[in-house]
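Welcome! Let's take a friendly look at the pockets of this protein and at what lines them.

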Amino acid sequence: MSASLQVLFCTGQSDPRSCALSPEQQAFLDALDLPDGVAVPMNFPYDAGLAPHRAVPLWLASLRHLVLAVRIRLPGWASAHRARVEAQLRRADLTLVLAGSIGLDLLGRLELPADVLARVVVVAYGPVATRPPACRTVRVASRHDWLARWWAADVEVEAGHLDYLAAPELLAVCREVVAGLLPRSGDAR
């Protein structure tokens with residue numbers, strides 16, 4: 001039996017009333033050319049009952065991300081969100097998390113169980129994280145990214161903090177990770 005795989009995003013919420021993917025996130029998943037059912041069509045906090053995607057002005061999105069950066073450090077935040085995220089991660093044997101910006105810190109601060117994190121691989125682009133999760137992580141950053149350039153990177157690309165998903169190098173890294181996670185023809189697991 002082959003292991004199941006899911007690929008999902010984990011980023012801050014520009015609109016706390018929605019966890020729908022932005023057009024850029026959806027286009028990135030489409031460009032990965034994943035098998036049917038592998039791409040998860042929503043972002044943190046993985047609540048299908050929330051509103052559809054709405055464009056948010058950059059100033060408001062930035063303010064909301066700043067507020068989230070403070071909230072994830074408060075007592076009670078992790079326990080309020082852990083169960084939903086854990087349930088989403090348990091829906092597959094393996095999960096590739098595409099963690100943008102604060103998404104890596106968000107995952108780490110959820111303090112997910114070790115058995116869940118053992119099945120998670122993160123490609124963190126533009127990562128801003130003081131408490132990353134204890135799982136395999138590929139950090140992708142850019143010297144042009146004034147936020148993420150202060151943290152160590154495994155891969156450097158040409159991008160600003162808001163345009164990693166347009167960087168062909170990030171797409172190549174993600175395709176390579178997906179290829180390593182998908183079962184090969186004839187593999188028995």
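## The largest pocket

In this predicted model, the largest pocket has a volume of about 1,300 Å³. Its lining is made up of 44 residues, and those closest to the pocket's centre are Gly 12, Ser 14, Ala 61, His 65 and Leu 162. If you would like a place to start in the 3D view, try finding these five names.

Which elements give two or more residues to this lining? They are α1, spanning 23–31, and α2, spanning 58–71. The largest share comes from α2, with six residues.

What classes of residue do we find around the largest pocket? The lining holds 22 nonpolar residues, along with 16 polar and six charged ones.

## The second largest pocket

Next comes the second largest pocket, with about 160 Å³ of space. You can trace its lining through Gln 13, Pro 16, Phe 44, Arg 64, Val 67, Leu 68, Arg 71, Trp 77 and His 81. Sorted by class, five of the lining residues are nonpolar, two are polar and two are charged.

Here, α2 and α3 (77–89) each provide at least two lining residues. The largest share is again from α2, which gives four residues.

## Putting the two together

One element to keep in view is α2: the largest share of the lining comes from α2 in the largest pocket, and likewise in the second largest pocket. Alongside α2, look for α1 at the largest pocket and for α3 at the second largest one.

Conventions. Residues numbered from 1 in each chain as written. Predicted model: local features only at pLDDT ≥ 70, side-chain atom pairs only at ≥ 80, totals over all residues. Heavy atoms only, no water. 1 Å grid on protein atoms, 1.4 Å probe; cavity = no way out; pocket = protein on both sides within 12 Å on 5 of 7 lines; lining within 4 Å. Points joined across faces, edges and corners; volume = space filled by probe spheres on them. Nonpolar A, V, L, I, M, F, W, Y, C, P; charged D, E, K, R; others polar.
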